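User: Please take a close look at the aromatic side chains in this model. I would like the ring geometry first, then the setting.

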Amino acid sequence: MNNPVDQKCVDQVASFVEACAELKKEPFFGKDEKLGFRSSGNRWTFTFGDRFHFRSALISFRRLWMPTEPSNWEEVVGILKHPDLPKGTTLSAVYHENNIRAVISREAQWLNLKMPSNRIIDLWLNTVFAHGGLEGKNKRSDFEAIVDQYGHATFEFCFRSLVREIGLEFLNLSSMAAKPALDFYSQNADLSPSFRIGAAFGEKRKEQTKEGHLVIREGSSEFFSEETLEEKFNRILERYENREIQFVFKNLDVSVNELLCVTLNNVSLAQLLAALDGRLEIKTLKFGEIKPADGFRAGWAINRSPINVLDDCVVITDEEGVNVLDVALGKFRQQLLKP
């Protein structure tokens, strides 16, 4: 793009930033989203998150994906590569553009489904989500042919995975290039968006408007419930980033309520285990070495430190393992105590 950036271009970038801000708030792009599969013989088990969370995320994702939208990511990338912008901004735009194109252009090969990634996304968006697929190049019959050939679960898993991977790159593109570009044009060209960037549907369950009115947003009894502390404990523990402390907790023979109580009241693993009438033993073992003893329950290695869990809340590891687990416990407690 060599033409001067005008108001339309700035508004397109602003629309992209706004759509990304909405996308970032969607639970589907959060740390607790479940997306995976496992095999048991010839049978597969797929784990998906809430269907309503996913459908909600697709609304903003569509604004960024569809070529006819002003916030279309390809159109915006062209603006963000304008030579008038600082080199760092354009380089970031190119970097994340390449990442997105690499995902889109590759052939999806999950569970034997082989077709271009962008085709998978277009079929879902244009035949069963935003459109009916009765006209145009994306037909409902094409969608159903894929389902018949590979199965609905496989097809949906591929679609969800692609939306999440590409969506996260959209967020990176927004924070590293689009937002800095808006700041640059505001400060150096006196060009600002012609509209206010904001969350059209609000951000909080309870908030006060500038006119002084109170807005309360509550889910229906069927789809919403206040999360208990135990539920929050389990949800945060399941995060991949908490896998170290999750391994220990999952193999201790105690209830969730007991774990919750001792986690809230102890800052080190040694203190936590002692509160459960257990203990932490520090021994020097070789990397990957597990010495099953009476009551052995599970063994793992974190970095190069063995972690053995035994009955009666006994954990055996080396000095480095203690450090790793204490850091993991501290990170987990911080997340648990965060409002």
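Analyst: Here is a walk through the aromatic pairs, followed by the wider frame.

This is a predicted model. The structure holds 21 aromatic pairs. A pair of rings is described by two values, the distance of the centres and the angle of the planes.

Start with Phe37 and Phe157. Their ring centres are 4.9 Å apart and their planes stand at 90 degrees. Planes over 60 degrees apart count as edge-to-face, so this pair is edge-to-face. The pair links distant parts of the chain. Phe37 belongs to strand β1, residues 35-40. Phe157 belongs to helix α7, residues 152-188. The two residues are 120 apart in sequence.

Are these two residues buried or exposed? Phe37 is partly exposed, at a relative accessible area of 34%. Phe157 has a relative accessible area of 6%. Buried means under 20%, so Phe157 is buried.

Phe157 also pairs with Phe46. Here the ring centres are 6.1 Å apart, with the planes at 55 degrees. That angle makes the pair tilted. Again the pair links distant parts of the chain: Phe46 is in strand β2, residues 43-48, and Phe157 is in helix α7. The separation is 111 residues. Phe46 has 22% relative accessibility, so Phe46 counts as partly exposed. Phe157 therefore has a ring partner in strand β1 and another in strand β2.

Other aromatic residues gather in a cluster. Phe28, Phe29, Phe54, Trp124, Phe143, Phe155 and Phe159 form one aromatic cluster.

One ring also has a charge over it. The charged end of Arg51 sits over the ring of Phe52, at 5.0 Å from the ring centre.

Now the wider frame. The protein has 12 helices and 10 strands. Its C-alpha trace spans about 75 × 50 × 45 Å along the principal axes. Of its 339 residues, 42% count as buried. Links across the sequence appear in the contacts too. Among contacts between residues at least 6 apart in sequence, 63% join residues at least 24 apart.

The surface and charges complete the picture. The accessible surface comes to about 19,100 Å², and 48% of that belongs to carbon and sulfur atoms. There are 43 positive and 48 negative side chains. The centres of these two sets lie 2 Å apart.

Technical notes. Residues are numbered from 1 along each chain as its sequence is written. This is a predicted model: local features need pLDDT of at least 70, side-chain atom pairs count only at pLDDT 80 or more; totals for chains, interfaces and linings use all residues. Side-chain values use heavy atoms; hydrogens and water are left out. Rings of Phe, Tyr and Trp (its six-membered ring) pair if their centres lie within 6.5 Å; planes under 30 degrees apart count as stacked, over 60 as edge-to-face and the rest as tilted. Helices (H or I, at least four residues) and strands (E, at least two) are DSSP runs, numbered from the N terminus. Buried means under 20% relative accessible area, exposed over 50%, partly exposed in between (1.4 Å probe, protein chains only). A charge sits over a ring if NZ of Lys or CZ of Arg is within 6 Å of the ring centre and within 35 degrees of the ring normal. Contact means heavy atoms within 4.5 Å. Accessible areas come from the Shrake-Rupley method with a 1.4 Å probe; for residues, only the protein chains shown count as cover. Lys and Arg count as positive and Asp and Glu as negative; His and the chain ends are not counted. The place of a charge is taken as NZ of Lys, CZ of Arg, CG of Asp or CD of Glu.
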